[in-house]
Amino acid sequence: RLLDEGMVRRVGVSNVNRDQLDEALELVPVTAVEVALSVQDDRALRGGIVERCEQSGVALIAHSPLGGPGRVAGLARRVPLADAARAVSATPAEVALAWLLGLSPAIVAIPGARRPDTARSAAGAARLTLAPELAAAIAPARAPRSAPAASGADAEVVLIMGIPGAGKTQLADGFTTRGYVRLNRDERGGGLRELADELDAQLTGGARWVVLDNTYLTRAARSYVLDAAARHGARTRCVWLQTPLAQAQVNLVKRMLVRFGSLPTPEDLRAAARREPGLLAPTQQMRALRELEPPSADEGFAAVEVIEFTRTAPPGRSGAGVFIGAAAIDRPGFEQTLSQLDPRAPHLIFDWRPGASPDALVPLAARLPGRSVETAVCPHDPGPPRCWCRPPLPGLPLAFAHAHGLDPARCALIGTSPTHRSLALSLGYRYVPVR
């Protein structure tokens, strides 16, 4: 609107990923994109930002082109960069800038300059041209990918992606039973870069079918897998588990209940997460969802298969249960609502009451005579949740269902709000509102 009204001449966006940039380009003519890009941070290159800017005639302003003030001194310790600097009689910083500018004519670098000699050095880098072999030795630039490996390639790499708790492990198990080599970071340790190196080693050693089930949230993170597969002529197929956040939360809590036997405290969870990467706090999982870039065939995949979420009934669970949001008990229609449900089923009254004791809901339980009633309260403070027990997170109901062997299809949740309804839906319980 500001552009249409002549209030601004140009529009730029900053710190976007490829999907966000594409969305912006649909809304307004974008003149410039400002993102971090350097020999130490090539995510914008691997994530397709540079490629999209070239295609759209958009200037890419590379901030922190030397990695930031705290990392400039470390440039001289990068052997390929230091070797190139000696070969062209320049400083490592000048060579790093020249490498960056040589990636694309769309790139404009904005290094900080607090002293005149620093500004003169940066200007000199703009006039420096590196031979292709020197530039490739510093940091090999990833060529744009529009076509995947031939579909007839006899080697296949399957990349299973989804947010934490999406169900990647279970799907990967099906591939391993068919003879695929599984590469999983939680099992092997290290980072995604090291896992791509292991993929390269497996393919070099003769492996023909490999499956990777990790949280590949970004195009940049996935690019290393695609590159390794392409070097061996392997076909890369992506399987994307489109699991909603609420269902992924249920999966993570169930995993913790199996691991610990009960719902871990925030302190227990934090301590265990140092040893077991798959144990996450709610905020970590939500952050992953915000960072997620959906997969696209233009990354180089031979195919992208989307699997919608379905939940199967847990084996060995047949009990019925009644879950009651504490606020429902004071509603006029509560007793009539409760009378419609099985009085023999175990009941749980639950609530979030910051600072409350575990017995805070016991007086409410006394108002349900003749029924087996337990209570559970989340006592943790407001703010970003550190625990899995704060409703509408599913920790309290799932811990109760786990302890009593309940079948979700035979459970009901009595509530008073859209939050209670959403919780019941994510758990697979029947929702019974109190008016």
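Me: Two strands pair if DSSP finds at least two bridges between them. With that rule in hand, which residue of β12 is the bridge partner of H347?

Reply: The partner of H347 is V373 in β12. Before we go on, a word on the ground rules: this is a predicted model, in which local features need pLDDT of at least 70 and side-chain atom pairs count only at pLDDT 80 or more, while totals for chains, interfaces and linings use all residues. Residues are numbered from 1 along each chain as its sequence is written, and side-chain values use heavy atoms, with hydrogens and water left out.

Me: Thanks! How many bridges join β11 and β12, and in which sense do the strands pair?

Reply: These two strands run parallel and share six bridges. Strands here are DSSP runs of E with at least two residues, helices are runs of H or I with at least four, and both are numbered from the N terminus. On that count the protein has 18 helices and 14 strands.

Me: What about β10 and β11: how many bridges do they share?

Reply: Four bridges, again in the parallel sense. In this pairing, I324 stands opposite I349 of β11. The chain travels from β10 through α15 to β11, and this β-α-β crossover is right-handed. To check the hand yourself, point the strands away from you: right-handed means that the path from the first strand over the helix to the second runs clockwise.

Me: Next, burial. What share of the residues counts as buried?

Reply: Of the 435 residues, 45% are buried. The scale is relative accessible area: under 20% is buried, over 50% is exposed, and partly exposed lies in between (1.4 Å probe, protein chains only). For the whole protein, the accessible surface is about 21,500 Å², with 52% of that belonging to carbon and sulfur atoms. Areas like these come from the Shrake-Rupley method with a 1.4 Å probe, and for residues only the protein chains shown count as cover.

Me: Could we look at one helix? Which residues of α17 are buried?

Reply: Helix α17 spans residues 395-404, and its buried residues are G395, L396, P397, L398, F400 and A401. They pack against α12 (245-260), β10, β11 (347-352), β12, β13 (406-415) and α18 (418-427). After the helix comes G405, with a positive phi near 65 degrees.

Me: What does a contact mean in this setting, and what share of contacts with a separation of 6 or more joins residues 24 or more positions apart?

Reply: A contact means heavy atoms within 4.5 Å. Of the contacts with a separation of 6 or more, 73% come from residues 24 or more positions apart.

Me: Now the charged side chains. How many salt bridges does a search of the structure find?

Reply: The whole structure gives 25. The rule asks for a side-chain nitrogen of Lys or Arg within 4 Å of a carboxyl oxygen of Asp or Glu. One of them joins R43 and D41, at 2.8 Å from N to O. R43 counts as exposed because its relative accessibility is 55%, whereas D41, at 14%, counts as buried.

Me: Where in the fold do R237 and E156 sit, and are they buried or exposed?

Reply: Their salt bridge has an N to O distance of 3.2 Å. R237 lies in strand β8 (residues 235-242) and E156 in strand β5 (residues 156-161), so the pair ties together parts that are 81 residues apart in sequence. Both R237 and E156 are buried.

For another case, try D330 and R367, whose closest N and O atoms are 3.0 Å apart. D330 is in the loop between β10 (319-325) and α15 (334-339), and R367 is in the loop between α16 (362-365) and β12 (373-378), 37 residues away. D330 is exposed at 55% relative accessible area, while R367 is partly exposed at 46%. There is also a salt-bridge network that links R18, D22, E51, R52, R219 and D298.

Me: Last topic: how many disulfides are there?

Reply: Zero, by the rule that two cysteine sulfur atoms must be within 2.5 Å. C389 is in no disulfide: the nearest cysteine sulfur, that of C378, is 3.5 Å away. C389 is buried, with 9% relative accessibility, and C238 is buried too, at 0%.
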